Amino acid sequence: MIIKERRGKMGGKESERYFVFMDYDPEYERIRNDRTKRGAYELDMYLSRKHDELLANTLEHGSYKKTISLIIVDGFAVEITEDQANALRSANGVRVVEKNQEFPN
């Protein structure tokens with residue numbers, strides 16, 4: 001997924017959009033298999049809370065901006081610095097942290 005980046009300064013360092021993908025989570029898989037409206041709502045709430053908690057427990061409050069939780073995969077997009085991306089890479093439950101790449105048209 002390629003999304004045009006908005007660049008800004010956070011804590012005096014350049015922030016960029018990163019995508020964070022989580023390790024296998026049986027609860028995510030269980031909820032995702034419920035194809036009802038209720039299941040979709042529950043999945044959205046579960047992932048949003050899970051991703052927000054990871055960020056709050058790993059990074060300084062106000063130093064990042066989560067832009068979206070992805071429900072098709074257990075992941076999210078966040079605007080952070082390279083140092084923060086490295087901190088997330090070592091966080092429990094994180095599989096991959098990748099910087100968004102823009103390709104010329």
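**Entry 1. A bridge in the sheet**

I began with Tyr 18, whose bridge partner in E4 is Val 78. I note at the outset that the model is a predicted one. Looking along the two strands, I found that E2 and E4 are antiparallel and share six bridges. I then turned to Val 20, which has Val 97 in E5 as its bridge partner. E2 and E5 also run antiparallel, and five bridges join them. I next asked how many residues of E2 are buried. Seven of the 10 are, and I recorded the strand as mostly covered.

**Entry 2. The chain as a whole**

I stepped back to list the elements. The protein chain has three helices and five strands. Read from the N terminus, their order is β-β-α-α-β-β-α-β. I looked up the share of buried residues and entered 38% of the 105 residues in the chain. For the surface, I noted that the chain exposes about 6,800 Å², with carbon and sulfur atoms supplying 51% of it. I also looked up contacts between residues at least 6 apart in sequence, and 62% of these join residues at least 24 apart.

**Entry 3. Strands E3 and E4**

I followed the sheet to strand E3, residues 65–70, which pairs with E4 in the antiparallel sense over five bridges. A hairpin of four residues connects E3 to E4. On this pairing I marked Ser 69, which stands opposite Phe 76 in E4. I then compared positions in sequence and in space: Met 45 and Ser 69 are 24 residues apart along the chain, and their C-alpha atoms are 9.7 Å apart. Met 45 itself is found in helix H2. Is Met 45 buried or partly exposed? I entered it as partly exposed, because its relative accessibility is 32% and the buried class requires a value under 20%.

**Entry 4. Ile 80**

I selected Ile 80, which belongs to strand E4. Its relative accessible area is 0%, so I recorded Ile 80 as buried. Which residues does Ile 80 touch, beyond its neighbours within four places in sequence? The list holds Glu 14, Ser 15, Glu 16, Tyr 18, Leu 59, Tyr 64, Ala 85 and Leu 88. I also checked Lys 99, which lies 19 residues from Ile 80 along the chain, with 9.5 Å between their C-alpha atoms.

**Entry 5. Helix H3**

I moved to H3, residues 82–89, where Gln 84, Ala 85 and Leu 88 are buried. Viewed down the helix axis, the buried residues of H3 fall within an arc of 105°, and therefore they line one face of the helix. I asked what covers these buried residues of H3. The cover includes strand E2 (13–22), helix H2 (37–58), strand E4 (75–80) and strand E5 (94–99).

I examined Leu 88 separately. Leaving aside neighbours within four places in sequence, Leu 88 is in contact with Val 20, Leu 54, Leu 55, Thr 58, Leu 59, Val 78, Ile 80, Val 94 and Val 97.

**Entry 6. The nonpolar cores**

I looked up the largest nonpolar core, which has 15 residues. The members that touch the most other members are Val 20, Val 78, Ile 80 and Leu 88. E2, H2, E4, H3 and E5 each give two or more residues to this core. Apart from this core I found another, of five residues, including Tyr 28, Ile 31, Leu 43 and Leu 47.

**Entry 7. Two further buried positions**

I located Asp 25 in the loop between E2 and helix H1 (26–32). Asp 25 counts as buried because its relative accessibility is 12%, and the limit for that class is under 20%. The side chain of Asp 25 reaches the backbone nitrogen of Glu 27 at 3.0 Å. Beyond four places in sequence, Asp 25 contacts Tyr 46, Lys 50 and Asp 74.

Last, I checked Gly 39, which sits in helix H2. Gly 39 has a relative accessible area of 2%, so I entered it as buried. Not counting residues up to four places away in sequence, Gly 39 touches Ile 31 and Asp 34. I marked Ile 31 again here, as it is also one of the members of the core of five residues.

Notes
Residues numbered from 1 in each chain as written. Predicted model: local features only at pLDDT ≥ 70, side-chain atom pairs only at ≥ 80, totals over all residues. Heavy atoms only, no water. Buried < 20%, exposed > 50% of the residue type's maximum accessible area, 1.4 Å probe, protein only. Arc of directions from axis to C-beta. Contact = heavy atoms within 4.5 Å. Areas by Shrake-Rupley, 256 points an atom, 1.4 Å probe, with all protein chains shown as cover. Pairing = 2+ DSSP bridges. Polar contact = N/O pair within 3.5 Å; in protein donor to acceptor, adjacent residues only side chain to side chain. Core = buried A, V, L, I, M, F, W, Y, C linked by side-chain atoms within 4.5 Å.
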